[in-house]
Each structure stands twice: as C-alpha cells, then as structure tokens.
Amino acid sequence: MALPKFNDLYIPILQILSNKGGQTPKEISNVLREYYNLSDEEYNSVTLKGNNIFYGRVGWSLSDLYRSQLLEKPQPRRYQLSSKGKKMLRSPEEIETYVFQSIKELGGSRGKSTDQDNPKVKQPSNLSTTPDELLEQAYHEIRNECIQRILDELQRTNPYQFERLTLQALKAMGYGGSIKDALKQTKLSKDGGIDGIIKEDVLGLGHIYIQAKRYAAKNNIGRQDIQGFVGALMGAQSNKGIFITTSDFSKDAKEYAEKLSNYSIVLINGIQLAEYMYEYNIGVQRERVYEVKKLDLDFWDEYTENQ
C-alpha cells in the first residue's frame, strides 16, 4: 500500500494517545505501523537523501497536532492528548480543517487555500506532502532538469571536444590524483581505438584507457564496439578501460562487458556522465544555497524537563 500522508495521521495519532498517553514519536510510529499494516520495505523506505519517509511524516503530524493544542507534552519528547484533543475526537471530520486553520493563524503554512475566508474549503492536494518532501522534490526536479541540459550540451560538442570533456570529468572524480600530466588525450589520428589515457602511478606502471563516443541519443553502443575496445586494450597491454558515450549501451554490450574475466571495463552512458559532471561541478556553477535547520531537542530538553 502507499504510505499514508502526514495529514492522514492526525486522527489515528489522536486515537492512539486517547488510549495511552506519554508516548514518544518512535513508539507512536511503531503503533501506526501496525495500524496501517506496513511491510518492512514500506516502513523503512527513505528519501534520496536517506531520511525515513514514514517517520518524517509522523514527526510533522505530531508537530501540527501539538502546535494546534490537540496534544501536549507532559515530558520532553512524550505526547499525550489534551482536553481540546479529547473534545475534537468526538468530531473527527473537523480535525483536519481545525489543524489547518490553527497552523495558519500561528503563521505557518501548508500551501495556499483557494478561499482565504472559508475554513471549510477543500485544501490543495500538496498540503498532504510535508515541507521536507516538497523541498526534496523541488531539489531533484531542478537537479534532473540541469542534468538533462548538460546531456544536451554534450550532444552539441564535436567528437574531439567530447573526448577532452570526459578526461576533465574523470580528473574531477579523482582519477590520476595529484600525479603530474596524469590524463592524456590521444591524437585524433592513429589512436588505435584509444581516446585517452590515465596514469595510475607516478612511474607510469599502470594505465587506464578511455574510449569516448559522442553518439546521437538512440544510436546505442553495441557488443561489437566493446569487443573492439577490448582489442585496443589488448594491443596496449592493459586490462582496464572506461567506455563513455553520450547515448547508451545495448543489452548485449552490457552483458558482454560484465562477463569479461580478464578485463575490467566500466561503461558510462550519457545520463551517468551528465550526473557525474553535475556532482563534480563540471560545466555547472552554484546558483544559491538554502540552509535548512531543525530544532536541537537536547538543548531544549534541559529547559523543559522540570516543567
């Protein structure tokens, strides 16, 4: 099943605390897991940043219920039902609207209502997404758009420029380290199927060979191309190679590269290359930085534990 939205948790949380108060967010989360019969995979699912999705939604729900005075905290990090919460449980259909209005009056926001003067108006669908999730979604939409634009620009380069760009990206990723002249682009003619060379050590005892192909989006690299690259590695007396393309690799090409026993060949398609360039700041620049803060609970516990 799909994970419940954070505003769907209002009523179950109030019901749980009506039976047993003094519960921590983790204890409440565990009860809700049974309530919704969540699988291990669902309960432990995380965002791309590694944050637990369900636990984050429980946290936002508890925060809303506490700020709207339906919950109170007799002890730090432990919640129980308030007298207002007990009263609202008798009219569960009004709880979500009440919480939304309370948060708005306190200066908070869960999106913009289509009718500011009518508390019963239907809330926008994005109100069921936590601010954390909205921020992460926006970040990844911007990131994915930039990556696609990087790929578009890569497609516009000429083959020799593309080879140079791939070496620049690999250097930014740490290949060659601090070795002087560790990455070398081969001459356009008579390259023997090798477009670039990475020196692995100061004395040049080990090398990684690069082949870079700027192909149209649907012109995938086939098995024959990988076999030709293996032949080039054999001629260079090396067993390490990186094959990079702006397009992709056919299924046969991928399977062939994976089954090679005496050669280590890494395949990097266009999207992967664009992602590396984004992460290692090749051809992009930082536009703005948002600093997101959260409450230091240990700090505040020192001031509230005796209440």
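## Close-up views: rings, helices and a sheet

**View 1. Seven aromatic pairs are counted in this model, and this view picks out Phe-6 with Tyr-10.** Keep in mind that the model is predicted. The rings of Phe-6 and Tyr-10 meet edge-to-face, with 6.2 Å from centre to centre and 85° between the planes. Buried or exposed, these two? Both Phe-6 and Tyr-10 are buried.

**View 2. Tyr-66 and Tyr-79 make another edge-to-face pair.** The numbers here are 6.2 Å between the ring centres and 85° between the planes. The partners come from distant parts of the chain, 13 residues apart: Tyr-66 belongs to helix H4, and Tyr-79 sits in strand E2 (residues 78–81). As for accessibility, Tyr-66 has a relative accessible area of 35%, so it counts as partly exposed. Tyr-79 comes in at 10%, so it goes down as buried, the cut-off for that being under 20%.

**View 3. Three phenylalanines join up in a cluster.** Look for Phe-229, Phe-243 and Phe-249, which are linked by ring pairs.

**View 4. Helix H1 packs against helix H4.** H1 covers residues 10–19 and H4 covers residues 53–67. Their axes are 10 Å apart and cross at about 75°, which means H1 is roughly perpendicular to H4. Which residues of H1 make the contact? Tyr-10, Ile-13 and Leu-14 do the job from H1, while H4 puts in Val-58, Ser-61, Leu-62, Asp-64 and Leu-65. Sorted by class, the contact of H1 with H4 has six nonpolar residues, one polar and one charged. If Tyr-10 rings a bell, that's the ring paired with Phe-6 in View 1.

**View 5. Five strands line up in an open sheet.** Going across, the order is E3-E4-E5-E6-E7, and the pairing is mixed. Strands E3 (183–185) and E7 (264–268) are at the edges, each with a single partner strand, so one side of each has no neighbour in the sheet. From one strand to the next, the twist averages 20°.

**View 6. At one edge of the sheet, E3 pairs with E4.** Strand E4 takes in residues 196–199, and its pairing with E3 is antiparallel, over three bridges. For one bridge to look up, try Gln-185, whose partner in E4 is Gly-196.

**View 7. Helix H8 lies across four strands of the sheet.** The helix is made of residues 159–172, and it lies across E3, E4, E5 (207–213) and E6 (240–245). Relative to E3, H8 runs at about 175°.

Note on methods: Residues are numbered from 1 along each chain as its sequence is written. This is a predicted model: local features need pLDDT of at least 70, side-chain atom pairs count only at pLDDT 80 or more; totals for chains, interfaces and linings use all residues. Side-chain values use heavy atoms; hydrogens and water are left out. Axes are lines fitted to C-alpha atoms, for helices over the stretch in contact, and angles run from 0 to 180 degrees between N-to-C directions. Helices (H or I, at least four residues) and strands (E, at least two) are DSSP runs, numbered from the N terminus. Angles under 35 degrees count as roughly parallel, over 145 as roughly antiparallel, 65 to 115 as roughly perpendicular and the rest as oblique. Contact means heavy atoms within 4.5 Å. Ala, Val, Leu, Ile, Met, Phe, Trp, Tyr, Cys and Pro count as nonpolar, Asp, Glu, Lys and Arg as charged, and the others, Gly among them, as polar. Two strands pair if DSSP finds at least two bridges between them. Rings of Phe, Tyr and Trp (its six-membered ring) pair if their centres lie within 6.5 Å; planes under 30 degrees apart count as stacked, over 60 as edge-to-face and the rest as tilted. Buried means under 20% relative accessible area, exposed over 50%, partly exposed in between (1.4 Å probe, protein chains only).
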